[in-house]
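Biologist: I should like a close look at a single part of this model, namely its interior. Please describe what is packed there, and then how the surrounding chain is arranged.

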Amino acid sequence: MEQVVRVGVGVVIMHQNKILLGERIGAHGAHTWATPGGHLEYGEEIEACAIREVREETGLHVVNVEKLGFTNDYFADEQKHYVTLFVMPTCDNHDAQVKEPNKCKQWQWFSQDELPQPLFLPLVNFLEENSTFYQN
């Protein structure tokens, strides 16, 4: 089996200094908490991927997607390697719904001092590399 590096897009949605996180279910990252997001498709713009993934997963409509940074994520147990591009959009509605119940159990808003555990590896790496993120 050929080993490939995949590209993921993590969408950081903030509201009143809280971040939207979903409890993942399924094979990849099961039982961890993550931002909305997913795989960047061939030929797809990063911003378009973020808008699409947020709509598919939460039903929310986002605009004005800004680039935040990236992480290099190696999932040793699963033998998967991702580069995750983190972006942050503007979102007027904050009533996230579970639109893909086979991938996400629930969506909740969390402040910096009450982040659930365990977090999805790309989010752990992003927060470690961007320790001042919440101070904006």
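Modeller: Helices and strands are taken here as DSSP runs, of at least four residues for a helix and at least two for a strand, and they are numbered from the N terminus. The model is a predicted one.

The interior is best entered through its largest nonpolar core, which has 15 residues. Val 11, Ile 13 and Leu 60 are the residues with the most contacts inside this core. Two or more residues are given to the core by each of strand E1 (5-11), helix H1 (46-58), strand E6 (62-75), strand E7 (80-91) and strand E8 (104-110). The largest share, three residues, comes from H1.

Ile 13 shows how many parts of the chain meet here. Beyond its neighbours within four places in sequence, Ile 13 is in contact with Lys 18, Ile 19, Leu 20, Pro 36, Val 54, Leu 60, Val 62, Pro 89, Cys 91 and Trp 109. A second core, separate from this one, has eleven residues, among them Leu 21, Trp 33, Phe 110 and Phe 126.

The helix that gives the largest share to the first core merits a closer description. At 1.5 Å a residue, the 13 residues of H1 should span 18 Å, and the end C-alpha atoms are 18 Å apart, so the two values agree. The buried residues of H1 are Cys 49, Ala 50, Arg 52, Glu 53, Val 54, Glu 57 and Thr 58. The elements that cover them include E1, strand E3 (18-24), strand E5 (37-39), E6, E7 and E8. After H1 comes Gly 59, which has a positive phi near 80 degrees.

Glu 53 is one of the charged residues on that list. Its position is in helix H1, and it counts as buried because its relative accessibility is 8%, where the cut-off is under 20%. The side chain of Glu 53 makes a polar contact of 3.1 Å with that of Arg 52. Residues up to four places away in sequence aside, Glu 53 touches Gly 37, Gly 38 and His 39.

The strands that take part in the core are also paired with one another. E1 and E7 run parallel and are joined by seven bridges; in this pairing Val 7 has Val 83 as its bridge partner, and Val 11 has Val 87. E1 is also joined to E5, by three bridges in an antiparallel arrangement, and Gly 8 has His 39 as its partner in E5. On the other hand, E7 is joined to E6 by eleven bridges, and these two strands run antiparallel. Glu 66 is the bridge partner of Met 88 in E7. The hairpin of E6 and E7 has four residues between the strands, and Gln 79 in this hairpin takes a positive phi near 55 degrees.

The aromatic residues add a further set of links. The structure holds four aromatic pairs. In the pair of Phe 75 and Phe 120 the ring centres are 5.6 Å apart and the planes lie at 35 degrees, so the pair is classed as tilted. This pair links distant parts of the chain, with Phe 75 in strand E6 and Phe 120 in the loop between E8 and helix H2 (121-129), 45 residues apart. Both Phe 75 and Phe 120 are buried, and together with Tyr 82 they form one aromatic cluster.

Phe 120 also meets a glycine from another loop. Gly 29 lies between E3 and strand E4 (33-34), and it counts as buried because its relative accessibility is 8%. Leaving aside neighbours within four places in sequence, Gly 29 is in contact with Arg 24, Glu 78 and Phe 120.

Some backbone features complete the description. Most residues other than glycine have a negative phi, and most peptide bonds are trans. The loop between E8 and H2 holds Pro 118, and the peptide bond from Gln 117 to Pro 118 is cis, with omega near -5 degrees. In the loop between strand E2 (14-15) and E3, Gln 16 has a positive phi of about 50 degrees. Asn 17, also found in the loop between E2 and E3, has a positive phi near 60 degrees. Gln 16 is exposed, with a relative accessible area of 69%, whereas Asn 17 is partly exposed, at 48%.

How values were computed: Residues are numbered from 1 along each chain as its sequence is written. This is a predicted model: local features need pLDDT of at least 70, side-chain atom pairs count only at pLDDT 80 or more; totals for chains, interfaces and linings use all residues. Side-chain values use heavy atoms; hydrogens and water are left out. A nonpolar core is a set of buried Ala, Val, Leu, Ile, Met, Phe, Trp, Tyr and Cys residues joined through side-chain atoms within 4.5 Å. Buried means under 20% relative accessible area, exposed over 50%, partly exposed in between (1.4 Å probe, protein chains only). Contact means heavy atoms within 4.5 Å. The expected span of a helix is 1.5 Å times one less than its number of residues. Two strands pair if DSSP finds at least two bridges between them. A polar contact is a pair of N or O atoms within 3.5 Å; within protein, one must be able to donate a hydrogen and the other to accept it, and residues adjacent in sequence count only if both atoms are side-chain atoms. Rings of Phe, Tyr and Trp (its six-membered ring) pair if their centres lie within 6.5 Å; planes under 30 degrees apart count as stacked, over 60 as edge-to-face and the rest as tilted.
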